[in-house]
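Work through these exercises with the model in view. Try each task before you read its solution.

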Amino acid sequence: MAAACYSPARIIISCSATTTSSSSSARPLRVAVVGGGPAGASAAEALASAGARTFLLERSPAGAKPCGGAIPLCMLDEFAIPRDLVDRRVTRMRVVSPSNLTADFSRALPPGAHIPMLRREVLDSFLRRRAAEAGAELVPGLVTSLSLPAGPADPYLVHYISSSSPEGGGAGRGVLEVDAVVGADGANSRVAREVGAGDYTTAIAFQERIRLPDAAMAYYDDLAEMYVGGDVSPDFYGWVFPKCDHVAVGTGTVAAKPEIKRLQSGIRARAGPKIAGGRVVKVEAHPIPEHPRPRRVVGRVALVGDAAGYVTRCSGEGIYFAAKSGRLCGQAMAEEWARTGAVTEAGLRCGYLRRWDDEFLLMFRFLDLLQRMFYGGNAGREALVEMCADEYVQRRTFESYLYKRMVPGEPWGDLRLLWRTVASMVRCGVIGREVERLRRLELQR
C-alpha cells in the first residue's frame with residue numbers, strides 16, 4: 001500500500017517498492033495521467049480498471065477546450081456514452097463553398113444514423129467521473145516538471161502545483177512517484193517538452209458560443225454547417241454547429257494565426273442572417289496539432305490525444321481519436337505490467353503505437369492528402385464542395401466518419417470519382433479565379 005505524507009507546502013505520494021519487479025503481483029503499477037480530457041480520462045479508466053494505481057491530474061476541471069463537439073456515431077456504444085449527454089442529433093450537414101454553392105449531405109445518411117453533438121465540458125466531466133469510479137485518483141493540479149529516472153528501475157517524479165491541499169488550505173506543491181506517465185495534456189504538452197518528444201506545427205481554433213433567438217435556433221435544430229474559403233480560413237474551414245441552447249461558431253488556421261479574429265469575422269459574415277440577433281455567451285481559443293509528434297513514446301512516457309498529434313487534417317476531428325488512443329495506451333501499459341512486471345519503451349511501441357498505426361495511420365494519411373489537394377486555394381475548395389454533392393462521395397464519407405472504418409470502394413465508383421475530381425479541379429479553377437477577382441474588387445470599394 002502507498003504511504004502519503006502531507007505538509008502545507010508539499011505533498012509526496014510514494015511506494016516503497018522499486019519500479020520493476022519479477023512479479024506484477026508484488027504491487028500495483030503506478031501511473032500518472034496528465035490531462036483530464038477524453039484522452040487522459042480514457043487512459044485513466046483503462047488503467048484503473050486493470051488494477052493500476054492511477055493518478056489523473058487536471059489543471060482546470062471546470063474548463064473546456066474550444067471544440068465543435070461532433071463525435072462519430074460508433075463512439076456512443078464503443079465508449080458507453082449515455083445518450084442524454086448528446087445535445088443535438090445532426091441529420092443535415094451542409095458544406096458551403098467560397099461562392100456560396102452548397103453541398104447537402106442529408107441524402108446519403110444511413111437510415112437512423114446521425115452525428116451526435118456534445119459540449120466538451122459535459123463529456124469530459126463524465127469521462128473523468130467514470131475514471132474515478134473505476135478507481136483513479138483525481139488530482140486537481142498543474143504539472144510543472146518531470147524528473148526523469150536514472151535507470152530502468154527508478155521512478156519518474158511528477159512535480160505539480162495542487163489547486164487544493166488535503167487540509168483545505170489552498171494550493172500546495174506536490175510530487176508523484178510513478179512507474180510510467182501518460183501525457184494527455186494537449187497540443188502544448190508539458191510532458192512532451194520534458195521528455196524531448198519533439199515539436200510539431202499547431203493550428204489555432206477560435207470559437208464563439210452564440211445564443212440565438214428561438215426561431216434562429218430552430219433552424220439549426222438538426223443542422224450543422226461548414227464554410228470553406230479564404231475569408232474564413234486559408235487552410236481549414238469555419239463552422240456553425242448546434243449545441244443544447246446555442247450554436248458554436250468558429251474557425252481555425254495554421255498559416256494565419258495572427259489574423260484569427262478577422263477570419264472569425266469572416267465566418268460570422270458568411271453565416272449572416274442565420275445567426276443575426278444572437279448573443280455571444282462565451283469566447284474560446286485553443287491550439288490544436290496539425291500532425292503527429294515526432295516521438296510519441298519516450299522511455300516509459302507515452303503521449304496520447306492532442307499531445308501525440310491525433311487530430312485529422314481536412315476534417316479537424318480529434319475527440320474520438322483522443323479517447324481511443326488513451327484507452328489503447330492504458331491497456332498496453334496494464335497488459336505489459338501484468339505479463340512482465342514492468343513497463344518498457346519497447347512494450348509501449350508494440351502494444352500501443354503499433355496497434356494505433358495499424359488501425360488509423362492510413363486514414364490520417366488519406367485525410368492529409370485531401371487537405372493538401374483541396375484547401376490550398378478557393379479553386380480547390382470549390383471543387384471540394386462540388387464533389388461533396390456526389391452521393392457516392394457522401395456515402396463513403398459517412399462510412400468512414402460514423403463508423404471509423406476505411407472500406408474498399410467500388411471499382412467503377414472510384415473510377416467515376418477520379419474522373420469527377422479531375423473535371424472539378426479544371427472547371428473550378430475558373431470559378432475560383434472569378435471568386436478571387438470579385439473579392440479583390442469588394443476590398444477595393
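A crossing of two helices is right-handed if the near helix is turned clockwise from the far one by less than a right angle, and left-handed if anticlockwise. Keep that in mind for the helix pairs below. The model is a predicted one.

**Exercise 1. Describe how H8 and H9 cross, and name what touches.**

Step 1. Find the elements. Helix H9 covers residues 345–374, and helix H8 covers residues 319–340.

Step 2. Take the distance and angle. The axes of H8 and H9 come within 8 Å and cross at roughly 155 degrees.

Step 3. Classify the angle. Angles over 145 degrees count as roughly antiparallel. H8 and H9 are therefore roughly antiparallel to each other.

Step 4. Give the hand. H8 passes H9 in a right-handed crossing.

Step 5. List the contact. From H8 come Tyr320, Phe321, Lys324, Ser325, Leu328, Cys329, Ala332, Met333, Glu335 and Glu336. From H9 come Gly347, Leu348, Gly351, Tyr352, Arg355, Trp356, Glu359, Phe360, Met363 and Phe364.

Step 6. Sort the residues. The contact of H8 with H9 holds 12 nonpolar, three polar and five charged residues.

**Exercise 2. Do the same for H1 and H8.**

Step 1. Start with the geometry. Helix H1 spans residues 38–49. Its axis and that of H8 come within 7 Å and cross at roughly 30 degrees.

Step 2. Classify. Angles under 35 degrees count as roughly parallel. The crossing angle makes H1 roughly parallel to H8.

Step 3. Give the hand. The crossing of H1 with H8 is right-handed.

Step 4. List the contact. H1 supplies Pro38, Ala39, Ser42, Ala43, Ala46 and Leu47. H8 supplies Ile319, Ala322, Ala323, Gly326, Arg327, Gly330, Gln331, Met333 and Ala334.

Step 5. Sort the residues. In the contact of H1 with H8, 10 are nonpolar, four are polar and one is charged.

**Exercise 3. Which hand does the crossing of H1 with H3 have, and which residues meet?**

Step 1. Place H3. This helix runs over residues 120–134.

Step 2. Read the packing. H1 and H3 pack at an angle of about 15 degrees, with their axes 8 Å apart. They are therefore roughly parallel to each other.

Step 3. Give the hand. H1 passes H3 in a left-handed crossing.

Step 4. Name the residues. Pro38, Ala41, Ala44, Glu45, Ala48 and Ser49 of H1 meet Arg120, Leu123, Asp124, Leu127, Arg128, Arg130, Ala131 and Ala134 of H3.

Step 5. Sort them. The contact of H1 with H3 has eight nonpolar residues, one polar and five charged.

**Exercise 4. Is Leu303 buried or exposed? Find its contacts.**

Step 1. Locate the residue. Leu303 lies in strand S19, residues 301–303.

Step 2. Check its accessibility. Buried means under 20% relative accessible area. Leu303 has 1%, so Leu303 is buried.

Step 3. Look along the chain. Leu303 and Ala39 are 264 residues apart, yet their C-alpha atoms are separated by 9.4 Å.

Step 4. List contacts, leaving aside neighbours within four places in sequence. Leu303 is in contact with Gly183, Ser189, Val191, Ala192, Ala197, Arg293, Arg295, Arg296, Ala308 and Tyr352.

**Exercise 5. Repeat the check for Leu353.**

Step 1. Locate the residue. Leu353 is in helix H9.

Step 2. Check its accessibility. The relative accessible area is 6%, so Leu353 is buried.

Step 3. Find its partners. Not counting residues up to four places away in sequence, Leu353 touches Arg296, Val297, Tyr310 and Leu348.

Step 4. Take one distance. The C-alpha atoms of Leu353 and Leu328 are separated by 8.7 Å, and the two residues are 25 apart along the chain.

**Exercise 6. What is the phi of Ala80, and what is that of Asn100?**

Step 1. Recall the background. Most residues other than glycine have a negative phi.

Step 2. Read Ala80. Its phi is near 50 degrees, a positive value. Ala80 sits in the loop between helix H2 (73–78) and strand S5 (88–90). Its relative accessibility is 46%, so Ala80 counts as partly exposed.

Step 3. Read Asn100. Its phi is near 70 degrees, also positive. Asn100 is in the loop between strand S6 (92–96) and strand S7 (102–104). With a relative accessible area of 46%, Asn100 is partly exposed.

**Exercise 7. How many helices and strands are in the protein?**

Step 1. Count the elements. The protein has 12 helices and 19 strands.

Step 2. Add the burial. Of the 445 residues, 54% are buried.

Definitions and conventions: Residues are numbered from 1 along each chain as its sequence is written. This is a predicted model: local features need pLDDT of at least 70, side-chain atom pairs count only at pLDDT 80 or more; totals for chains, interfaces and linings use all residues. Side-chain values use heavy atoms; hydrogens and water are left out. Axes are lines fitted to C-alpha atoms, for helices over the stretch in contact, and angles run from 0 to 180 degrees between N-to-C directions. Helices (H or I, at least four residues) and strands (E, at least two) are DSSP runs, numbered from the N terminus. Angles under 35 degrees count as roughly parallel, over 145 as roughly antiparallel, 65 to 115 as roughly perpendicular and the rest as oblique. Contact means heavy atoms within 4.5 Å. Ala, Val, Leu, Ile, Met, Phe, Trp, Tyr, Cys and Pro count as nonpolar, Asp, Glu, Lys and Arg as charged, and the others, Gly among them, as polar. Buried means under 20% relative accessible area, exposed over 50%, partly exposed in between (1.4 Å probe, protein chains only).
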